[in-house]
2 protein chains.
Amino acid sequence: MNVHEPERRLVTLSDVARAAGVGESTVSRVLRNQGSFSKRTQDRVAEAVARLGYVPNRLAGMLAGSGSTAGAKLVGIIIPSLTNIVFPDLLRGANAALDRDGFQSVIGVSDYDPAREEALIGALLSWRPAGLIVTGLEHTAGARARLRASGIRIVEMIDTDGDGLDIVVGFSNRGVGCDSARHLLARGYRRIGYVGHDIALDLRAAKRLAGFRETLREAGHPLAETEIAPGPSSAAAGRAALGRLLARRPDLDAVYFSNDDMALGGYFHCLAEGVAVPGRLALFGFNALDIAAAMPQPLTTIRTPRLEIGAVAVERLAADGPAETVDLGYELIAGATA
Amino acid sequence: MNVHEPERRLVTLSDVARAAGVGESTVSRVLRNQGSFSKRTQDRVAEAVARLGYVPNRLAGMLAGSGSTAGAKLVGIIIPSLTNIVFPDLLRGANAALDRDGFQSVIGVSDYDPAREEALIGALLSWRPAGLIVTGLEHTAGARARLRASGIRIVEMIDTDGDGLDIVVGFSNRGVGCDSARHLLARGYRRIGYVGHDIALDLRAAKRLAGFRETLREAGHPLAETEIAPGPSSAAAGRAALGRLLARRPDLDAVYFSNDDMALGGYFHCLAEGVAVPGRLALFGFNALDIAAAMPQPLTTIRTPRLEIGAVAVERLAADGPAETVDLGYELIAGATA
DNA sequence: AATCAGATTGGCAGCGCTGCCAAACCCTGT
DNA sequence: ACAGGGTTTGGCAGCGCTGCCAATCTGATT
């Protein structure tokens, strides 16, 4: 814009060194509080930093520091979506642990698209992170290859039903489905339906459904009917889908939802249509959203350790233990709807 | 771990150059698809990249590229929270635009703490981003100084009620409060209360309340009573707070909530206690969450252009227009609760 | 065959910081 | 006054990549 602008170069570490009358490495040591230096030097450096408004350049720092022990204090995180509150929760858990350990994070959102995930993996690896946290166990062959070739720590979170590349932190989605089914059976429900969202997008939901279905079948009361809403989960989708399901099968006495969003929508349908819950129809969700607990009748659902998963994922990345699967479990919340 | 491990150095650009039998700068040009090179060279480079599994080092790239025109394709984003779906939505909008323009983002979460925001600004600036997107207009003096000194583009999003540092993208929260009040007045409600969450944390909510309160006062029907739930907004907090409010003032005929989460909780309270909505009590929210539209009676609320705000924020960062305020407006959704 | 503009290409100096190592100091004890 | 062991310090070579510029090559033109 202004041709005469003196092309203000940003303040660099060597500017600080000059201003403080010390060497560059001394400034570097003081700023990282590493190695030894006198109090006097420290004060002079601090003064110069403040006076010049110096902001360290992490890019340069990480570049220079790489290759050696110190390494990058950076982790990449890939989640499939920001819309479902579950994933921001994972980030929240991870963030807390990240801050504690002085790490930074770079985040990628795959929109449930495996190809996009693969691309994101490449993008994040190019930051040379100390580790990568991805969601789920299913990845394209290319993604798997890249992760393996990267040579860094990998954490796959949320799902423990399958083989992981390195560290896996989560719980058994299959188990969730089984336990959900057992609960409904134990309460005496027999004509049970399922309302889900597009399962191609959400492999974990598919695993829950598989466990649920199998448990019902083994008990001799096979899943009576399913209704899949197109697109991602939402209360609106759940409400509409339950409507369609009941239109086809008015005899159902319980419905299992792919998650609480859908279940909440189902509950709204029941309220709107005067379907007594759980007398006439029982509802069962998944995730234990805060909002589900505030309903007039608290939703019966499964609490998943979302924050813990994020936190443990980061911990394991930082530590350098062996490859392993950490099952954080889940908890059935017996609400008033089933 | 393994002492004998050949200290596998990662593949670098010069390895690729050697493998492809071309110069480093040629590889660089091909990879960035910039400058000119022959088809044959391109193929050879592509082959070498694939064979060696080369992953470019962005750190080095950005370091080298800085100082010149090209500059960093990186923006920093600071939001106060991940819990409230509003902020992930902003990220979502920003992400879409970011991808389109080939930018990467680094995200910071301030937990509504101004001091933490200031620290995050420092942390993000050290990535030498092309621009920074922050939330709201209120920052500590130190934060403001750092932003100004950074010399990069700054976007403050969501709130247009005040002076911005550079670019401001959002809507008038004060206006939202005013229009909400006018709507309730127009519908004939006179004994109006307010249910909010900790306002020290959420300056935007405070501005809405101020506009709401003033409009009511001017109309001669001042706000009858307020109830502030401690902590962040949630359905549970809204439900409990409405309970307390009505216990004190059973005569209220309408309640304005700090947002839809709180309003949803309020609605649940009404359902649970048999308070007729809107006959006995009208409810008015803010944000137009998807879930609010799926309620048996759609919530009357205000739709905010969250995705657009994120997208426009990024666009303005990338373009280099003048400092200005972009008001994206909002829309009153007349539901069935008020 | 010589000439010339334009297309391709390679070499190399940094970008700002950290790691390594030698140099300079600072105290003791003798 | 001098050696010996720790504490501070500064110099400088990279980290891997891009920008700049000169060198080389290409094909068409004269």
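Colleague: What makes you say that the charged end of Arg208(A) sits over a ring, and which ring is meant?

Modeller: The ring is that of Phe286(A), whose centre is 3.7 Å from the charged end of Arg208(A). A charge counts as sitting over a ring if NZ of Lys or CZ of Arg is within 6 Å of the ring centre and within 35 degrees of the ring normal, and 3.7 Å is within 6 Å, so the distance condition is met. In chain B, Arg208(B) lies over the face of Phe286(B), again at 3.7 Å from the ring centre.

Colleague: What should I know about the model before reading further?

Modeller: This is a predicted model, in which local features need pLDDT of at least 70 and side-chain atom pairs count only at pLDDT 80 or more, while totals for chains, interfaces and linings use all residues. Residues are numbered from 1 along each chain as its sequence is written, chains are lettered from A and ligands numbered from 1 in the order in which they are written, and side-chain values use heavy atoms, with hydrogens and water left out.

Colleague: Why are the rings of Phe212(A) and Tyr256(A) called a pair, and is that pair stacked or edge-to-face?

Modeller: Rings of Phe, Tyr and Trp (its six-membered ring) pair if their centres lie within 6.5 Å, with planes under 30 degrees apart counted as stacked, over 60 as edge-to-face and the rest as tilted. The centres of Phe212(A) and Tyr256(A) are 4.1 Å apart and their planes stand at 20 degrees, so this pair is stacked. Phe212(A) belongs to helix α9 (residues 203–218) and Tyr256(A) to strand β8 (residues 254–257), both of chain A, so the pair ties together parts that are 44 residues apart in sequence. Helices (H or I, at least four residues) and strands (E, at least two) are DSSP runs, numbered from the N terminus. Tyr194(A), Phe212(A), Tyr256(A) and Phe284(A) form one aromatic cluster, and the structure holds 14 aromatic pairs over all chains.

Colleague: How do you know whether Phe212(A) is buried or exposed?

Modeller: Buried means under 20% relative accessible area, exposed over 50%, and partly exposed in between (1.4 Å probe, protein chains only). Phe212(A) has 0%, so it is buried, and Tyr256(A), at 1%, is buried as well.

Colleague: What kind of aromatic pair do Phe87(B) and Tyr112(B) form?

Modeller: Their centres are 6.4 Å apart with 80 degrees between the planes, and the pair is edge-to-face. Phe87(B) lies in helix α5 (residues 86–100) and Tyr112(B) in the loop between β2 (104–109) and α6 (114–125) of chain B, so the pair ties together parts that are 25 residues apart in sequence. Phe87(B) counts as buried at 4%, whereas Tyr112(B), at 21%, is partly exposed.

Colleague: Which residues touch the most other members of the largest nonpolar core?

Modeller: Ile77(A) and Ile77(B) do, in a core of 91 residues. A nonpolar core is a set of buried Ala, Val, Leu, Ile, Met, Phe, Trp, Tyr and Cys residues joined through side-chain atoms within 4.5 Å. Apart from this core lies another of 56 residues, among them Leu252(A) and Ile85(B).

Colleague: How do you know which residues lie around DNA strand C, and how many are there?

Modeller: A residue is near a strand if one of its heavy atoms lies within 4 Å of it. There are 27 such residues, and the closest are Leu13(A), Ser28(A), Tyr54(A), Gly23(B) and Thr41(B). The largest share of this surface, four residues, comes from α4(A).

Colleague: What makes the approach of Thr41(B) to DNA strand C a polar contact?

Modeller: A polar contact is a pair of N or O atoms within 3.5 Å; within protein, one must be able to donate a hydrogen and the other to accept it, and residues adjacent in sequence count only if both atoms are side-chain atoms. A polar side-chain atom of Thr41(B) lies 2.4 Å from a phosphate oxygen of the strand, so the distance is inside the limit. A base oxygen of DNA strand C is 3.2 Å from a polar backbone atom of Ala64(B).

Colleague: Which residues come nearest to DNA strand D?

Modeller: Of the 27 residues around this strand, Gly23(A), Thr41(A), Leu13(B), Ser28(B) and Tyr54(B) come nearest. A backbone N or O atom of Leu13(B) lies 2.4 Å from a phosphate oxygen of DNA strand D, and α4(B) gives the largest share of the surface near that strand, four residues.
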